[in-house]
Amino acid sequence: MFCFDISFLVIYILWFMNFNLCVFSPFYNVLTASLFMCFQPVAAGSGIPQIKCYLNGVKVPHVVRLKTIVVKVIGVICSVAGGLIIGK
């Protein structure tokens, strides 16, 4: 048999989830915003209009760069970890 009550485990898991949402979510969201604002502002948003312009021959600065892709990938990961809704 168990040495402890199962309700204690459920309460502990719920407390940990609440702690994670309250403490780490704002940190991830601030990290995402600072990435977009400081390092690569063109990475904010979906990027679909910029890519359409690029494919139609309009030169949009800093759209197709490795730095933009890296900031966008890290930003999406931190946004999802922070609890923001990404996509449709």
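This is a short presentation on the predicted model of one protein and on a few residues within it.

Good morning, colleagues. I shall begin with the overall picture. The protein has 88 residues, and its secondary structure amounts to three helices with zero strands. Read from the N terminus, the order of elements is therefore simply α-α-α. Helix 1 covers residues 6-39, helix 2 covers 48-55, and helix 3 covers residues 66-81.

As this is a prediction, confidence deserves a word. The average pLDDT of the protein is 77, and 81% of the residues reach at least 70. Among the elements, helix 1 carries the lowest mean pLDDT, 73, while helix 2 carries the highest, 86.

Next, the surface. The accessible surface comes to about 7200 Å², and carbon and sulfur atoms contribute 76% of that area. Of the residues, 16% count as buried. With respect to contacts at a separation of 6 or more, 68% come from residues 24 or more positions apart.

Which residues form a nonpolar patch on the surface? They are Leu-66, Ile-69, Val-70, Val-73, Ile-74 and Ile-77. Together these side chains belong to a patch with about 560 Å² of accessible area. Ile-69, one of the patch members, has its place in helix 3.

Helix 3 also holds residues of another kind, and I turn first to Thr-68, which lies in that helix. Is Thr-68 buried or exposed? Its relative accessibility is 5%, and since the limit for buried is under 20%, Thr-68 counts as buried. Setting aside residues up to four places away in sequence, Thr-68 touches Gln-40, Val-42, Ala-43, His-62 and Val-63.

The partner I wish to single out is Gln-40. This residue is found in the loop between helix 1 and helix 2, and at 4% relative accessibility Gln-40 is likewise buried. The side chain of Gln-40 makes a polar contact with the side chain of Thr-68, at 3.0 Å. Beyond its neighbours within four places in sequence, Gln-40 is in contact with Leu-35, His-62, Arg-65, Lys-67, Thr-68 and Val-71.

His-62 appears in the contact list of Thr-68 and again in that of Gln-40. His-62 sits in the loop between helix 2 and helix 3. What is noteworthy about its backbone is a positive phi of about 65 degrees, although His-62 is not a glycine. With a relative accessible area of 44%, His-62 is classed as partly exposed, because that value falls between the limits of 20% and 50%.

Val-64 has its place in the loop between helix 2 and helix 3 as well. Its relative accessible area is 51%, so Val-64 passes the limit of over 50% and is exposed. Where does Val-64 stand relative to Tyr-54? The two are ten residues apart in sequence, and their C-alpha atoms are 8.5 Å apart in space.

Finally, I return to helix 3 for Ser-79, whose place is in that helix. Ser-79 is buried, with a relative accessible area of 5%. Excluding residues up to four places away in sequence, Ser-79 touches Asn-29, Thr-32, Leu-84 and Ile-86. How far apart are Ser-79 and Ser-25 in sequence and in space? The separation is 54 residues along the chain and 8.6 Å from C-alpha to C-alpha.

To summarise helix 3, Thr-68 and Ser-79 are buried there, whereas Ile-69 is part of the nonpolar surface patch. Around Thr-68, the side-chain contact with Gln-40 at 3.0 Å links helix 3 to the loop between helix 1 and helix 2. Thank you for your attention.

Terms used:
Residues numbered from 1 in each chain as written. Predicted model: local features only at pLDDT ≥ 70, side-chain atom pairs only at ≥ 80, totals over all residues. Heavy atoms only, no water. Patch = residues over 30% accessible without salt bridge, like charges linked within 9 Å, V, L, I, M, F, W, Y side chains within 5 Å. Areas by Shrake-Rupley, 256 points an atom, 1.4 Å probe, with all protein chains shown as cover. Salt bridge = Lys/Arg side-chain N within 4 Å of Asp/Glu carboxyl O. Helix = DSSP H or I, 4+ residues; strand = E, 2+ residues; numbered from the N terminus. Buried < 20%, exposed > 50% of the residue type's maximum accessible area, 1.4 Å probe, protein only. Contact = heavy atoms within 4.5 Å. pLDDT = per-residue confidence, 0-100. Polar contact = N/O pair within 3.5 Å; in protein donor to acceptor, adjacent residues only side chain to side chain.
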